[in-house]
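Student: Please put the model up. I have questions about how the chains meet and what lies inside.

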Amino acid sequence: MNGAAHPHRPHLTLHALLRDLNIDPARVAVAVNDDFYPGAQAPDRPLEEDDVIEIVRIIGGG
Amino acid sequence: MSSRSFASSAAAEPAHTAPADPFRLGGRTFTSRLLLGTGKFRDFTVMRAALEASGTQIVTVAVRRVELNAPGHAGLLDAVDWDRYQLLPNTAGCRTADEAVRVARLARAATGTNWVKLEVIPDARHLLPDPVGTLRAAETLAADGFTVLPYVQADAVLARALEAAGCAAVMPLASPIGTGRGLRAPELLRTVLDGAQVPIIVDAGLGVPSDAAQALELGADAALLNTAVAEARDPERMAYAFALGVQAGRAAFLAGRMLPRDHASPSSPPEGAVRLPDPEVPDPEGPL
């Protein structure tokens, strides 16, 4: 997740991951491999061990 | 001066330029030709005041991985009334075309806008863009429905290729990002402007409003900046000053500059000038 290995427990879903990390889905975007979602619309699918997850937010920039 | 008075002054463009001179970009029409970034401001209050004072209608933001222990600029989406501004997420920090395409797609998911300021910058020291990677990413993103605004060097051949790839604008730098050194190669900007079919937005390196004015005097359609405002002693006042600089440059471009001359040309008629005999100053009309 976000470029680093993240502990994976059995039956972990995307929504559960966000809850575990205390991330408000409405404030982020999520990529699961090559699928891109607004955080609040991401499907609550079970994650596989080799899934690549990216969770980003908008910040100040030029 | 309060932020309200800055804002009303900047937004109220002169009547002879505003309605008749719309700025069309990506299928939308704007009255302001100043695009402003949201980085480096010391807090949201200062940033909001600067946005207001600038009169800008297009605002850039960045995309970053969530940091679980470092809130950073968290809350930007809540800090600004985004109904007032066209959001322009950038791909800053991307070193390759593939990274930029991925970040653009994440930005679209995060914001709902398909506008993207495309940056492909492998060189962290000078922050100079990769022309090949930028073109490759632009082709992919334009085909994917993005409104692509690529940051590039002032290269006319590249600019035409980006137009052909479907970019909504081309954004040549004035000088490297964050340097505030102004327009270092106006002759190259001229070649980008010559025959451009899409808006040309000078992006990066502007330090003072006269830099922005110069770019628009030459025919650039708009200017994009961040650091010059965010790092000013008074960001709100500098934002207002840049609004005036952009308006002045645009008005001068539309008015058409005089032709430069090699030799002086008096503005007052030489005939009938009151002169006294002076042996030190030969009279050109006198006897040889």
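What follows is a short exchange on the interface and on elements of chain B.

Tutor: This is a predicted model: local features need pLDDT of at least 70, side-chain atom pairs count only at pLDDT 80 or more, and totals for chains, interfaces and linings use all residues. Residues are numbered from 1 along each chain as written, chains are lettered from A in the order written, and side-chain values use heavy atoms, without hydrogens or water.

Student: What area is buried between chain A and chain B?

Tutor: Buried area is the accessible area (1.4 Å probe) that two parts lose on being put together, summed over both. Carbon and sulfur atoms give 61% of it here. The total is about 2300 Å².

Student: Which three residues supply 33% of the area that chain A buries against chain B?

Tutor: Contact means heavy atoms within 4.5 Å. By that rule chain A brings 24 residues and chain B 30 residues. No other three residues of chain A supply more of its buried area than A:Arg57, A:Ile58 and A:Gly62.

Student: Which residue forms a salt bridge with A:Arg27?

Tutor: A salt bridge puts a side-chain nitrogen of Lys or Arg within 4 Å of a carboxyl oxygen of Asp or Glu. Four are counted between chain A and chain B. In this one the closest N and O atoms are 2.7 Å apart. The partner of A:Arg27 is B:Asp78.

Student: Which element gives the largest share of the side of chain A that touches chain B?

Tutor: Strands are DSSP runs of E, at least two residues, and helices are runs of H or I, at least four, numbered from the N terminus. β1 (29–32), β2 (35–38) and β3 (53–60) of chain A each supply at least two residues of that side. The largest share, seven residues, comes from β3(A).

Student: Which residue of β4(B) stands opposite A:Ile58?

Tutor: Strands pair if DSSP finds at least two bridges between them. β3(A) pairs with β4 (residues 58–65) of chain B, antiparallel, over five bridges. Opposite A:Ile58 stands B:Val63.

Student: Why is β7(B) largely enclosed by the rest of the structure?

Tutor: Buried means under 20% relative accessible area (1.4 Å probe, protein chains only). B:Thr147, B:Leu149 and B:Tyr151 are buried on one side, and B:Val148, B:Pro150 and B:Val152 on the other. β7 (residues 147–152) of chain B is largely enclosed because its buried residues number six of six.

Student: Which residue stands opposite B:Val148?

Tutor: β6 (residues 115–118) of chain B and β7(B) pair in the parallel sense, over four bridges. The residue opposite B:Val148 is B:Val116.

Definitions and conventions: Buried means under 20% relative accessible area, exposed over 50%, partly exposed in between (1.4 Å probe, protein chains only).
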